[in-house]
Amino acid sequence: MSDSDDRGLFWSKESRLPLKANGAVLRKSRDFLTKGAFPLLGLVAFVVSLLWVRPGYAQTSTTATKPSPTSENGPITYTPDTDPEVKLGKEAAQQDMKQLKLITSGPEYERLQKIGQELANVADRYPIPALWGYPNFKPFKFSFYLVDNKDVNAYSYPGGFVFVDKGLMDFVHSDDELAAVLAHEMGHVMHHHILKLLHEQGKLQNILTPLQLAAIGMIIAGHFADNSTAGAGFFLANGSQLYQVARMNGYSVHAEEDADHYSILLLTHTHFDPAAMYTFMSRLANTETPQELGILRDHPPTPQRVEAAKNLLESLHIPLSITTADPAWRANVTDIKKGSDDLAQISVKGIVVCSVVGLNGESAHDRAVALATKLDQLLDSGLQAYEIHYAPNGEGIMLRNTLFLTQADAQAQGTSLEQLKQSLGNAIIQILQMRQIEFSN
């Protein structure tokens, strides 16, 4: 598995768009609202009339269980292109693509296709119960598009059309995190979130004008060009209408929560680490700009989503292996020279943990690599500073039950075991504080 070590800002300076629910109908302008929204609303009415004459609602479940496949092997019978839901998504995707610059080759494009199709093959075999949405299972032939845009964003249309901005590809720290985001978007598709939103929107048609209905659709998806409430205010003027928006935003909250839930359950059937949803959302929580949007907030507060992801992982007995899901937190080894001695330095996030020499026929580098792997495991299992102590014979320093440093390490560095223990303790405390900041919300 190849991990991306690129870094990026989750919020772009221009549009400041967060990770959305479904459908980026508007990107940098409102042209689609004025030129293409009303034909789409007509198609929506047609689709809703075909699909939900008698809508069935998904049952809410608080118990996390792994889904059973419809078939482990054999060909998948995809929902045909003539299906109204697929036609709706395809028309919206084609309209969107007229405004986008797509990347259709290169390493990142191939990476997206490989991971996306691997997930799609699982999603089309494993029906996952919906916490919110429509429960009917329909295998879709997913398509994944890479958008040449520095925004960190991803979104999906009904029928399996998933768009990913290049900025998101740069932002994720591993293939596991990219898989978690893609699975989240696939959850919106598989649980028919857009169509339920549109169905609920239709219930309000006697209260709001068609233009206001279109505006609510944009607010739900968060796709006003400036991501502000100013655009919404143009269409929604009085208190009773804002109350309706509050209701609709509640549905969007449930859609996001269900998509997070779907992502984790889907990843349990792949080689990707389900904890990647937790690491990605934790980083999101610490990089997003706080906004007091009140009833116009279109996403649940991210700390709540982080906590929900953590609780679901615990209920499934999946360990929170942060260093597996996010390689940026793994301990690194650097070979150094100290006088005539060869040493290897172990560090985490730029914090030097310790340096070691070769011991008992093992090179300094190999010994450091083994200790770095053990350090990752200890940190992921909740290592605390008080677990740093002297070995029973007083000839070394231990982390929990693992011997980390010896008299030979102290001698090579011209210092004492006591000083090494103090330096090691300070480094561990700094790392724990950094992890606390990023992963406690």
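Two strands pair if DSSP finds at least two bridges between them; strands are DSSP runs of E with at least two residues and helices are H or I runs of at least four, both numbered from the N terminus. The model shown here is predicted, so local features need pLDDT of at least 70 and side-chain atom pairs count only at pLDDT 80 or more, while totals for chains, interfaces and linings use all residues. Residues are numbered from 1 along each chain as its sequence is written, and side-chain values use heavy atoms, with hydrogens and water left out.

**A. An open sheet in the order β5-β6-β7.**
Three strands make up this sheet, and their pairing is antiparallel. β5 (332-338) and β7 (351-357) sit at the edges, each pairing on one side only. From one strand to the next the twist averages 30° (axes are lines fitted to C-alpha atoms, for helices over the stretch in contact, and angles between N-to-C directions run from 0 to 180 degrees). Zoom in on β6 (residues 341-348) and you'll find six bridges to β7; one to look for puts Ser347 opposite Val352 in β7.

**B. Helices α14 and α16 against that sheet.**
Helix α14 (residues 364-380) lies across β5, β6 and β7, and runs at about 20° to β6. Helix α16 (residues 417-439) packs on the sheet too, touching β6 and β7 (contact means heavy atoms within 4.5 Å), with its direction at about 140° to that of β7.

**C. Strand β4 and its two partners.**
On one side of the story, β2 (residues 143-147) pairs with β4 in the parallel sense over five bridges, with Leu146 opposite Val164. β3 (residues 154-157) instead pairs with β4 in the antiparallel sense, over four bridges, and there Tyr157 stands opposite Phe161. β3 and β4 form a hairpin with three residues in between, and Gly159 in the turn has a positive phi of about 95°.

**D. The covered residues of β4.**
β4 spans residues 161-165, and five of its five residues are buried (under 20% relative accessible area, with exposed over 50% and partly exposed in between; 1.4 Å probe, protein chains only). In a regular strand the side chains alternate between the two faces of the sheet. Here Phe161, Phe163 and Asp165 point one way, and Val162 and Val164 the other.

**E. Aromatic pairs, from the β3-β4 hairpin to α5 and α11.**
Rings of Phe, Tyr and Trp (its six-membered ring) pair if their centres lie within 6.5 Å; planes under 30 degrees apart are stacked, over 60 edge-to-face, the rest tilted. That rule gives eight aromatic pairs. Tyr157 and Phe163 have ring centres 5.8 Å apart and planes at 85°, so they count as edge-to-face, and both residues are buried. Phe171 and Phe280 are edge-to-face as well, with centres 5.7 Å apart and planes at 85°. This second pair joins distant parts of the chain, 109 residues apart: Phe171 belongs to helix α5 (residues 166-171) and Phe280 to helix α11 (residues 276-285). Phe171 is buried at a relative accessible area of 3%, and Phe280 is buried at 1%. Back in the other region, Tyr145, Tyr155, Tyr157 and Phe163 form one aromatic cluster.

**F. Charges over the rings of Phe171 and Tyr390.**
A charge sits over a ring if NZ of Lys or CZ of Arg is within 6 Å of the ring centre and within 35 degrees of the ring normal. Arg283 lies over the face of Phe171, 4.6 Å from the ring centre. The charged end of Lys421 does likewise over Tyr390, 5.5 Å from the centre of its ring.
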